[in-house]
Amino acid sequence: MAVEIEQFMCREDNFGVLMRDPVTGDTALIDAPEEKPILAAIERTGWVPKLLLITHHHADHVEANLALKKRFGLKIIGPEGEKDRIPGIDDTVRGGSTIGFGNEEIEVIDTPGHTAGHVSYYMPQSGVVFAADTLFALGCGRLLECPPDVMYESLKNLSDLPPDTKVYCGHEYTLSNARFALTVDPDNKALQARAKTVEALREAGRPTLPTTIGDELTTNPFLRWSDPSIRRHLGMEQASSDAVFAEIRRRKDNF
Ligand SMILES: [Fe+2]
């Protein structure tokens, strides 16, 4: 049985995620952006977390670590490469590590790019990946600590997950991502339709996440480095895939 997931907003545009195994009742949080909305979600669901999985060291993902640890005594797990910058960390993981949760295993995928030690958490049985600030709906994270080819490899690994995998991300950036995506992939009908849906959801004050790997493959320009129409549009028909990715990322930084 797949995990149950409660997604909620924190801060300006961060997502908080609480998940629970419906059989064993095991509960975990993915990242800790802000204490108050996390406590409200715990109150609303009655799901008390015993585990906190951290994707990367940024303050808007770890701010509530110590407060939550004090209150719930939860165990904090995060990436080995960023352990010195993750408050209250108990245990470290790296790509290939597995974490037992309820009746299934969480697989750790190394996804450096946004930060050098960023990891994503993949649950094959539930068909869910928590990609935080690596892959966004119609976008990807800024390259703050790594060159483009590193992020390209991380996105490639995520894009190889089964297409029906649900993707949970760190931020609600989809509307501005859609506006940019249309500038590099203007003829993509699926993207045009999705941009309209995203606009309607945001107007109604609703989240645009989670997404799926399949939807990102057809509409997210940061995964569409092989697409002939995008390559033609960029004048990069013969370029390597990571060069196409780097050019799209460069344009987005200046958008
Ligand atoms: Fe971040």
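This presentation goes through one predicted model, beginning with its open sheet and ending with its largest pocket.

Good morning, colleagues. Let me begin with the sheet. Six strands form an open sheet, in the order β7-β8-β9-β10-β13-β14, and the pairing is mixed. The edges are formed by β7 and β14, each of which pairs on one side only.

We may now walk across this sheet from the β7 edge. Strand β7, residues 98-101, runs antiparallel to β8, and 4 bridges join the two. To place that pairing on the structure, please find T98, whose bridge partner in β8 is E107. The hairpin of β7 and β8 has 2 residues between the strands, and G102 there takes a positive phi near 55 degrees.

The next step is from β8 to β9, which are again antiparallel and joined by 4 bridges. Here D110 stands opposite V119 in β9. From β9 we pass to β10 through a further antiparallel pairing, this one with 3 bridges. M123 stands opposite V128 in β10. These two strands also form a hairpin, with 4 residues between them, and G127 in the turn has a positive phi of about 70 degrees.

At β10 the direction of pairing deserves attention. β10 and β13 pair in the parallel sense, over 4 bridges. A132 has C169 as its bridge partner in β13. The walk then ends with β13, residues 166-169, and β14, which run antiparallel and are joined by 2 bridges. In that pairing, K166 is matched with T212 in β14.

Let me return to β10 for a moment. How many of the residues of β10 are buried? The count is 5 of its 5 residues, so the strand is mostly covered. V128, F130 and A132 point one way from β10, V129 and A131 point the other way, and all are buried.

That brings me to the empty space in the model. Rolling a probe the size of a water molecule over the atoms shows where empty space is left. A search of the whole structure finds 1 cavity of 30 Å³ or more. The largest cavity has a volume of about 90 Å³. Which residues lie nearest the centre of the largest cavity? They are F15, I30, D31, C169 and G170, out of a lining of 14 residues. β2, β10 and β13 each supply at least two residues of this lining. By class, the lining of the cavity divides into 9 nonpolar, 4 polar and 1 charged.

D31 merits a second look. D31 sits in the loop between β3 and α1. Its phi is near 60 degrees, a positive value in a residue other than glycine. Is D31 buried or exposed? At 4% relative accessibility, D31 is under the 20% cut-off and therefore counts as buried.

A similar backbone feature is found at L138, in the loop between β11 and β12. L138 has a positive phi of about 65 degrees, although it is not a glycine. With a relative accessible area of 0%, L138 is buried. One further backbone feature should be noted: a cis peptide bond joins L209 and P210, with omega about 0 degrees. P210 is placed in the loop between α6 and β14.

I turn next to H114, in the loop between β8 and β9. Its relative accessible area is 6%, so H114 is buried. What does the side chain of H114 reach? One polar contact is with the side chain of H58, at 3.1 Å. The side chain of H114 also reaches the backbone oxygen of R142, at 3.0 Å. Leaving aside neighbours within four places in sequence, H114 is in contact with a set of residues including H56, D133, G141, L143 and M151.

R142 and G141 lead us to the last topic, the largest pocket. This pocket has a volume of about 230 Å³. Its lining has 16 residues, of which F136, C140, G141, R142 and Y173 lie nearest its centre. Helix α9, residues 241-253, gives the largest share of the lining, 3 residues. By class, the pocket lining has 5 nonpolar, 5 polar and 6 charged residues.

To close, I would ask you to keep two residues in view on the structure. D31 is among the residues nearest the centre of the cavity, and R142 is among those nearest the centre of the largest pocket. Thank you for your attention.

Note on methods: Residues numbered from 1 in each chain as written. Predicted model: local features only at pLDDT ≥ 70, side-chain atom pairs only at ≥ 80, totals over all residues. Heavy atoms only, no water. 1 Å grid on protein atoms, 1.4 Å probe; cavity = no way out; pocket = protein on both sides within 12 Å on 5 of 7 lines; lining within 4 Å. Points joined across faces, edges and corners; volume = space filled by probe spheres on them. Nonpolar A, V, L, I, M, F, W, Y, C, P; charged D, E, K, R; others polar. Buried < 20%, exposed > 50% of the residue type's maximum accessible area, 1.4 Å probe, protein only. Polar contact = N/O pair within 3.5 Å; in protein donor to acceptor, adjacent residues only side chain to side chain. Contact = heavy atoms within 4.5 Å. Pairing = 2+ DSSP bridges.
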